[in-house]
Amino acid sequence: MSATEKAASTTEAPASGGRVKLRTTNVGMIFQRDGKSLPVLENIDLEVGDGEFVCLLGPSGCGKSTLLSAMAGFLTPTSGKIRIDDEIVRGPDPRRIFVFQERGVFPWLTVEGNIGFGLSNLSRGERVQRVNHYIKMVGLEGFERSYPHELSGGMKQRVEVARALAVNPDVMFLDEPFGALDSITRLIMRGELLRIWHTERKTILFVTHDIDEAVQLSDRVVVMSARPGRIQQIVPIDIPHPRDISSPRYLELRDGILGQIGLAHRL
Amino acid sequence: MNSSNGIHKMERWLWPILATALFLLLWRYAVTWTGTKVFPSPREVELGLAQLFDSGVLYHDIVDSLRRVAIGYLGALCLGIPLGLLFGWYPALNQIVNPVVQILRPISPIAWIPVAILFFGVGDHAAIFLVFLGAFFPIAVSCVDSVANVPLIYRRAGSNFGLTPPHLLVRVVFPAALPQILVGLRIALGIGWLVVVAGEMIAVDSGLGFLIIDSRNSGKRYDLVVGAMLLIGVIGLILDVLFRRLETIKAVRWGIRNES
């Protein structure tokens, strides 16, 4: 597919034939703190297509993580509805896995134990096979019996991603998954995530405050404003993969989002 | 590298041994200087213990004390861990029983001795009950606190994989809380060992606690009193060292701070 065709298919609504996987309608969230009500999210209307990669981008405190937690079923919106496959989200579900920063890895289990955590309903043979498959996919061969505290941050993050992939979810929610990694590891992990996304074709919702990360990874960037969090703009990224991150189009999109957030592209 | 490690290793033993030798020396000369006729010197203690050991009495006393601690402590584990997990898991339930627990907890197990004898009569059961009481509260309270401190992120991750609450408790909350629980279990074992000595002084006629009180009452054998005291200290140390080996298991080591 040429760049222009790809652009045509992604500018309008979600990619991949337009089948809507996740839809939020007028979602609002109000937290109660010390007797005061604090609006965190307001009027969130968003459609995410099946197999689409969407980044939620915004400054810290803009409610993007809250929105992601609500989509995953950990929080219930104060108003509005979140539907996945036309079904209202009522709680966490193994079909939709939330990937925390590496902190979500269980420190009392080995790499194998973590990745196989959601597979207890499988037979032993199947489980071992599935675990090995994903250990290979995230490049952790040789560390099957290691414990998380013996691994680097990037390796722990791989364990979490593999643990999520192993239960074969349709949707993955990633909350600043590479935020705690050094910049080189972060770049490598982005490449790996794209490679995995291309083979597994999950719907991915990815929270970040890093504009470059959002433009490098996603089909569309949802730019959010803070207090209360609202959708400011949705920017389709019409650059084909693998993306040339010094191409004029890349810089144009990135600078556009920078301007949108109110930052000049000069320090 | 190797030689400096060797020196380091030697120093780790050298200074404690020197300190112990100094302590024994001070003790020995303090006995001479004060001219006491009652308090024994280290040598007299050694001879007294050897005599007891040869007669087989010492062995039985040690085994009896350890047996009482083992039974009482196991009972406290079996009841304290499930209850602690339950109350930690349901904070509302915990709020209801917490006032009662907080009132019972500061009561020294020694204060329970008359009640223990009333319940169980003079004998093994009373001593075991005291150990149980001494160990139960630290175990239960540490379980409640540890469960309450399990990061929300682990619970969320667990429930995301479709775990029901009982599974979440067994597969996520308990292992996540275990390192902190172990700290409570270790403290409880220490308390159990403290309490059994007190219990044996009153409730039974065997064990190291009984050995102390009996040696004093029958002929003021202070060499045996002090000997039994030292033995209690050494066995307590051994129990603690053995327990700490549990903390090196990899499934819990992640959560144990490396303080001495």
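This is a short talk through a predicted model with chains A and B.

Hi everyone, thanks for coming. Let me start with how far to trust the picture. This is a predicted model, and chain A has a mean pLDDT of 85, with 91% of its residues at 70 or more. Where in chain A is confidence lowest, and where is it highest? The low end is helix 1, residues 3–11, with a mean of 39, while helix 3, residues 111–115, sits at the top with 94. Please keep that in mind when you look at residues 1–15 of chain A, since their pLDDT is below 50. That stretch still has 26 contacts in the model beyond near neighbours in sequence.

Staying with chain A, here is a quick check on helix 6, residues 183–200. It has 18 residues, and at 1.5 Å a residue we should expect a span of 26 Å. The C-alpha atoms at its ends are 25 Å apart, so the model agrees with that expectation. Just after helix 6 comes A:Arg201, and its phi is positive, near 50 degrees.

Now over to chain B. How many helices and strands does it have? There are 11 helices and zero strands, so reading from the N terminus you simply meet one α element after another. Its C-alpha trace spans about 70 × 65 × 30 Å along the principal axes. Of the 260 residues in chain B, 36% are buried. If you take contacts in chain B between residues at least 6 apart in sequence, 71% of them join residues at least 24 apart.

Next, the place where the chains touch. Chain B brings 16 residues to the contact and chain A brings 18. On the chain B side, the elements giving two or more residues are helix 7 (152–160), helix 8 (165–202) and helix 11 (250–253). Helix 7 of chain B supplies the largest share, six residues. By character, that side of chain B divides into 10 nonpolar, four polar and two charged residues.

Finally, the core. In soluble globular proteins, nonpolar side chains tend to be buried together. Here the largest nonpolar core has 128 residues. Which members touch the most others? They are A:Met71, A:Phe173 and A:Val221, along with B:Leu130, B:Val131 and B:Ala135. Let's zoom in on B:Ala135. Leaving aside neighbours within four places in sequence, B:Ala135 contacts B:Gly72, B:Tyr73 and B:Ala76, and also B:Ala188, B:Leu189, B:Ile191 and B:Gly192.

That's my tour, and I'm happy to go back to any part of it.

Terms used
Residues are numbered from 1 along each chain as its sequence is written. Chains are lettered from A and ligands numbered from 1 in the order in which they are written. This is a predicted model: local features need pLDDT of at least 70, side-chain atom pairs count only at pLDDT 80 or more; totals for chains, interfaces and linings use all residues. pLDDT is the predictor's confidence in each residue, from 0 to 100. Helices (H or I, at least four residues) and strands (E, at least two) are DSSP runs, numbered from the N terminus. Two residues are in contact if their C-beta atoms, placed from the backbone, lie within 7 Å. A residue is buried if 20 or more other C-beta atoms lie within 10 Å of its own, exposed if 12 or fewer, and partly exposed in between; C-beta atoms are placed from the backbone. The expected span of a helix is 1.5 Å times one less than its number of residues. Ala, Val, Leu, Ile, Met, Phe, Trp, Tyr, Cys and Pro count as nonpolar, Asp, Glu, Lys and Arg as charged, and the others, Gly among them, as polar. A nonpolar core is a set of buried Ala, Val, Leu, Ile, Met, Phe, Trp, Tyr and Cys residues joined through C-beta atoms within 7 Å.
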